[in-house]
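Student: I have not looked at this structure before. Can we go through it with short questions and answers?

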Amino acid sequence: QVRLVESGGGLVQPGGSLRLSCAASGSIFSINAMGWYRQAPGKQRELVAQFASVGTTNYADSVKGRFTISRDNVKKTVYLQMNSLKPEDTAVYYCTASILRRRYESVNDYWGQGTQVTVSS
């Protein structure tokens with residue numbers, strides 16, 4: 001019943017900007033954490049940015065100062081604003097969330113299907 005749907009990916013020139021969105025839907029009691037990972041061809045999946053369960057934010061060193069994570073609790077949506085994009089930012093970006101479906105049950109991790117971001121001139 002729980003699903004995460006990403007949107008906002010596409011092709012952009014170096015120095016351009018994109019904003020990714022990830023909306024959570026289904027049976028959700030609470031969302032403990034949300035974040036973004038990315039995976040480039042031939043590379044390992046890496047953490048890009050996240051809201052931890054305690055409310056703090058974490059960013060990969062490679063995106064600090066350029067990317068900003070934000071969220072809308074009413075819409076159950078997390079965003080990733082990406083500015084000053086570089087070719088090395090090209091990857092499939094995945095939304096992830098730790099979700100409690102019902103009170104007193106355990107938290108499960110969920111993943112979106114991914115959205116392609118391509119930075120090229």
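Student: In what order do the strands of the open sheet of four lie?

Tutor: Keep in mind that this is a predicted model. Neighbours in this open sheet pair antiparallel. Strands E1 (3–7) and E7 (67–72) are its edges, each pairing on one side only. Read across, the order is E1-E3-E8-E7.

Student: What does the twist average from one strand to the next?

Tutor: Take the sheet with the order E1-E3-E8-E7. From one strand to the next, its twist averages 15°.

Student: Which residue in E8 stands opposite Leu20?

Tutor: Start with the strands. E3 covers residues 18–25 and E8 covers residues 77–82; six bridges join them in the antiparallel sense. Opposite Leu20 in E8 stands Leu80.

Student: Which residue of E9 is the bridge partner of Ile31?

Tutor: Strand E4 spans residues 30–39, and E9 spans residues 91–100. They pair antiparallel over nine bridges. In E9, Ile31 has as its bridge partner Ile99.

Student: Which residue takes a positive phi in the hairpin of E4 and E5?

Tutor: E4 and E5 (residues 46–51) run antiparallel, joined by five bridges. Met34 faces Phe51 of E5 there. Six residues lie between the strands of the hairpin. With phi near 75°, the residue is Gly42.

Student: How far is the charged end of Arg71 from the centre of the ring of Phe51?

Tutor: Phe51 is the residue opposite Met34. A charge counts as over a ring only within 6 Å of the ring centre and within 35 degrees of the ring normal. The charged end of Arg71 sits over the Phe51 ring, and its distance from the centre is 4.3 Å.

Technical notes. Residues are numbered from 1 along each chain as its sequence is written. This is a predicted model: local features need pLDDT of at least 70, side-chain atom pairs count only at pLDDT 80 or more; totals for chains, interfaces and linings use all residues. Side-chain values use heavy atoms; hydrogens and water are left out. Two strands pair if DSSP finds at least two bridges between them. Helices (H or I, at least four residues) and strands (E, at least two) are DSSP runs, numbered from the N terminus. Axes are lines fitted to C-alpha atoms, for helices over the stretch in contact, and angles run from 0 to 180 degrees between N-to-C directions.
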